[in-house]
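Let us walk through a structure together, looking at how some of its helices pack and then at a single residue.

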Amino acid sequence: MMPEPPNPQPFLDDGPDSSRDAGAVFVLESKGQWWHAGFHLTTAIVGPTILTLPYAFRGLGWPVGFLFLTAMGIVTFYSYYLMSKVLDHCEKAGRRHIRFRELAADVLGSGGMFYFVIFIQTAINTGVGIGAILLAGECVKIMYTELSPNGSLKLYHFIAMVTVVMMVISQLPSFHSLRHINLGSLLLSLGYSFLAVVACIYAGTSKNAPPKDYTLDSSASIRVFNAFTSISIIAAIFGNGILPEIQATLAPPATGKMVKGLVMCYTVIFFTFYATAVSGYWVFGNKASSNILESLMPDEGPSLAPTWVLGLAVVFVLLQLLAIGLVYSQVAYEIMEKKSADVNQGMFSKRNLIPRIILRSVYMILCGFFAAMLPFFGDISAVVGAVGFIPLDFVLPMLLYNKTHKPTKSTFTYWLNMSIMVVFTAVGLMGTFSSVRKLVLDANKFKLFSDDVID
């Protein structure tokens, strides 16, 4: 079901329930504090995808990898800061926006922009939902294989198990109701990052340490394609694409609160991203897989780190993936409830509860089905980063800021924003081409419902 574009005069968030839709009232209820927004942001950004950073580095090498990891961090923080300023500006003008699509359509004055954002957010949310279930299924499979090496269960069996769990916990009614889960998610991300770094240091200094080779591909054209694929993966890792929806969970007035949440989030990013990228790439070099824990537990030979350390890291990753799947489903749920629920009846009334259970369960079943059918985690991350996160997180915030705050062409801010838009539009186009190319090439390596996740 396609949502309708906003009215010329965006709704005011303080109107009576009868003038608002159920998606706003139920799913995006505005009750949170700034630290709740920090929990949501950290869950949206600092996820198990950071275990892909050594894999991204293998397409860039040490100096370029550091350069782009740092540049992406600075640009995304700046981008999210500008987005929060745009939202604050609109709120002060009497137009509090709680949806990215409505914000973009209002500021840019284009119904087409509304549908563009809908398409991009759908790609992001669905891609992350599929990736979260796929990785969670892989985590369960890892534990199962350690306990029963000759067991008959396949990856798609574990994906089905995770999907059932997601169907149950997805019935939590609102984004705000995830605040305690997302605090746990923040702590879990710190936990498995620390364990992964310890495991990599142990593996790199042991007598079974793998040979270290940091050379890039000998073909110049392949090096370029690999580099843009890696840049797209890093963009996906830093991206979230749902900042307006997260800011919508803040109790009004929201002015200034989001920046505090961003500082909390990027403090966690600093301590987790660099440590994981450096330790994993240092140990495995250009042999790093799309999940560094898989590299530490090779198919042949013993584990390269203590089993209990790796097992605990896998459990932490598994638990956080459930939270990530919930966070990125909220936009889809908001769209569903806007159309299916009756705002004049209670959130848990029979009239609203039954459609919620059915629609959210169907959504999770579809994500689980595609996760089992297409186990391409590394490639999915690259495609989602190029097609989804780069436009929403590296281009639109700068454009929206220039439109609302109108910095003059003689100012540094104007040209900085324009430069970021031009550079990352080009990066997004190249990243889309290179990541789709790699996806097509990897299609020759797999079969439907494969038992292995393809790098």
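**Helix packing and a buried serine**

In this predicted model, helix 2 (residues 34-45) packs with helix 11 (residues 257-284) at an angle of about 40°, and their axes lie 8 Å apart. An angle of about 40° is neither under 35 degrees nor within 65 to 115, and helix 2 and helix 11 are therefore oblique to each other. Their crossing is right-handed. On the side of helix 2, the contact is made by W34, W35, A37, G38, F39, L41, T42 and I45. Helix 11 brings K257, M258, K260, G261, L262, M264, C265, V268, I269 and F273. By kind, the residues of this contact divide into 13 nonpolar, three polar and two charged.

Now turn to another pair, helix 4 (residues 62-92) and helix 5 (residues 100-108), which pack at an angle of about 70° with their axes 12 Å apart. Angles from 65 to 115 count as roughly perpendicular, so that is how helix 4 and helix 5 stand to each other. Where they meet, helix 4 offers M83, V86, L87 and C90, while helix 5 offers F100, L103 and V107. The residues of this contact are seven nonpolar, with no polar and no charged ones.

Finally, have a look at S189, which sits in helix 8 (residues 179-205). Is S189 buried or exposed? Its relative accessible area is 0%, so S189 is buried. Setting aside neighbours within four places in sequence, S189 is in contact with V46, V268, T272 and Q320. You have already met V268, as one of the helix 11 residues in the contact with helix 2.

Key
Residues are numbered from 1 along each chain as its sequence is written. This is a predicted model: local features need pLDDT of at least 70, side-chain atom pairs count only at pLDDT 80 or more; totals for chains, interfaces and linings use all residues. Side-chain values use heavy atoms; hydrogens and water are left out. Axes are lines fitted to C-alpha atoms, for helices over the stretch in contact, and angles run from 0 to 180 degrees between N-to-C directions. Helices (H or I, at least four residues) and strands (E, at least two) are DSSP runs, numbered from the N terminus. Angles under 35 degrees count as roughly parallel, over 145 as roughly antiparallel, 65 to 115 as roughly perpendicular and the rest as oblique. Contact means heavy atoms within 4.5 Å. Ala, Val, Leu, Ile, Met, Phe, Trp, Tyr, Cys and Pro count as nonpolar, Asp, Glu, Lys and Arg as charged, and the others, Gly among them, as polar. A crossing is left-handed if the near helix is turned anticlockwise from the far one by less than a right angle, and right-handed if clockwise. Buried means under 20% relative accessible area, exposed over 50%, partly exposed in between (1.4 Å probe, protein chains only).
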